[in-house]
Amino acid sequence: VDPSDLDGIYETRNELSTYGKALLALTLHRLGDAERAAMVIENLSELARVDERSGSASFDHDDTTGWWAWYNDRVETNAWALRAFLAIAPEDPLCDGLMQWLVANRRGNRWHSTKDTAQVVRALSDYIRSRDELSPDYGLTVRLNGAEIHEAHVDRKSLFRTRTQVVLTGDAIADGENLLEVETAGTGSLYVTAYLTYFTKEKRIAASGNRIHVTREYHKLTP
């Protein structure tokens, strides 16, 4: 690409979709035009939607052309945005937020299509590489209500062999409030998910939820 071919696109960049801005930023970056690439990234950052509660960040897509327009797919838009930020502004907090959004919007073992799934895998691979996440070296301790329940050391050799699930049942869980602590000492990133399953004999169960809120009504049919 001749850098001068991008002059008109750069001058009218505000008319581009978020997807288009991310591609323009990456193209300028690869051509060595650091100043204009940084400006497009700055323009992009002003459009980000940050969710402080979930620690995620995302960009809306331009849906004026309908659901079939792959270049306005929200998953692909955020995957390309993450790649652009990692290449040009890897220390920007939006990198972590975009990663969180992409992971949270996975549907089972995929996202929506094979195409956007491939883009997310590429973006997350860039993220892992930029954060050197395949070379951890830390000690891991898990405590429940002050009592140690799991300990391990994670390094490059044991990364995929370390026990990754701790299951507690019955009397191991106290009635009422429980304090779960996960502590690391060393270098590297650790991702933690905790969940609780239980049953109750109450006749009326109060509604509750996290991110997804479901209301159920049960009606006993009496002959």
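**Exercise 1. A greasy spot on the outside**

Work out which residues make the nonpolar surface patch of about 300 Å².

*Solution.* Leu180, Val182, Leu190 and Val192 make up this patch. Keep in mind that you are looking at a predicted model. Now take one member, Val182, and place it: Val182 sits in strand S5, residues 180-187. Next, check its exposure. The relative accessible area of Val182 is 35%, so this residue is partly exposed. That also fits the patch rule, which asks for over 30% relative accessible area.

**Exercise 2. Two ring pairs**

Find the aromatic pairs, classify each one, and say which parts of the chain they connect.

*Solution.* Start with the tally: there are 2 aromatic pairs in the structure. One of them is Tyr19 with Trp80, with 6.5 Å from centre to centre and 40° between the planes, which makes the pair tilted. Where do Tyr19 and Trp80 lie? Tyr19 belongs to helix H2 (residues 18-30) and Trp80 to helix H4 (residues 74-88), so the pair ties together parts 61 residues apart in sequence. Then look at burial. With a relative accessible area of 5%, Tyr19 is buried, and Trp80, at 13%, is buried as well.

On to Phe59 and Phe85. Their ring centres are 6.3 Å apart and their planes meet at 25°; planes under 30 degrees apart count as stacked, so that is the class of this pair. Phe59 is in the loop between strand S2 (56-58) and H4, while Phe85 is in helix H4, and the two are 26 residues apart. Both rings are tucked away: Phe59 is buried at 1% relative accessibility, and Phe85 is buried at 0%.

**Exercise 3. Who sits over Tyr10?**

Identify which arginines lie over the face of Tyr10, then see what else Arg36 is doing.

*Solution.* Arg13 lies over the face of the Tyr10 ring, 4.2 Å from the ring centre. Arg36 lies over the face of Tyr10 too, at 4.9 Å from the ring centre. Now follow Arg36 further: together with Asp7 and Asp33, Arg36 is part of a network of salt bridges.

**Exercise 4. Inside the core**

Describe the largest nonpolar core: how many residues does it have, and which elements feed it?

*Solution.* A bit of background first: in soluble globular proteins, nonpolar side chains tend to be buried together. Here, the largest nonpolar core has 34 residues. Those with the most contacts inside it are Leu28, Ile41, Leu82, Phe85, Leu102, Val120 and Leu124. Two or more residues each come from H2, helix H3 (34-45), H4, helix H5 (94-104) and helix H6 (114-130). Of these, H4 contributes the most, with 8 residues. You've already met Phe85 from H4, in the ring pair with Phe59.

**Exercise 5. Sorting salt bridges**

Take Lys115–Glu76, Arg129–Asp126 and Arg143–Glu183, and decide what each pair connects.

*Solution.* A general reminder: side chains of opposite charge can pair when their charged atoms come close. The whole structure has 9 salt bridges.

1. Lys115 pairs with Glu76, and their closest N and O atoms are 3.0 Å apart. Lys115 is in helix H6 and Glu76 in helix H4, so this bridge ties together parts 39 residues apart in sequence. Lys115 is partly exposed at 35%, whereas Glu76 is buried at 2%.
2. Arg129 meets Asp126 at 3.0 Å, N to O. Both lie in helix H6, 3 residues apart, which is about one turn of the helix. Arg129 is exposed, with a relative accessible area of 59%.
3. Arg143 bridges to Glu183, with the closest N and O atoms 3.5 Å apart. This pair links distant parts of the chain, from strand S3 to strand S5, 40 residues apart. Arg143 is partly exposed at 22%, and so is Glu183, at 42%.

**Exercise 6. Backbone oddities**

Asp132 and Asn145 have positive phi values without being glycine; find where they sit.

*Solution.* For Asp132, phi is near 50°, and its place is the loop between H6 and strand S3 (137-144). For Asn145, phi is about 55°, and this residue is in the loop between S3 and strand S4 (147-155). Last step, exposure: Asn145 is partly exposed at 37% relative accessibility.

Definitions and conventions: Residues numbered from 1 in each chain as written. Predicted model: local features only at pLDDT ≥ 70, side-chain atom pairs only at ≥ 80, totals over all residues. Heavy atoms only, no water. Phe/Tyr/Trp six-rings, centres within 6.5 Å; stacked < 30°, edge-to-face > 60°. Helix = DSSP H or I, 4+ residues; strand = E, 2+ residues; numbered from the N terminus. Buried < 20%, exposed > 50% of the residue type's maximum accessible area, 1.4 Å probe, protein only. Lys NZ or Arg CZ within 6 Å of the ring centre and 35° of its normal. Patch = residues over 30% accessible without salt bridge, like charges linked within 9 Å, V, L, I, M, F, W, Y side chains within 5 Å. Areas by Shrake-Rupley, 256 points an atom, 1.4 Å probe, with all protein chains shown as cover. Salt bridge = Lys/Arg side-chain N within 4 Å of Asp/Glu carboxyl O. Core = buried A, V, L, I, M, F, W, Y, C linked by side-chain atoms within 4.5 Å.
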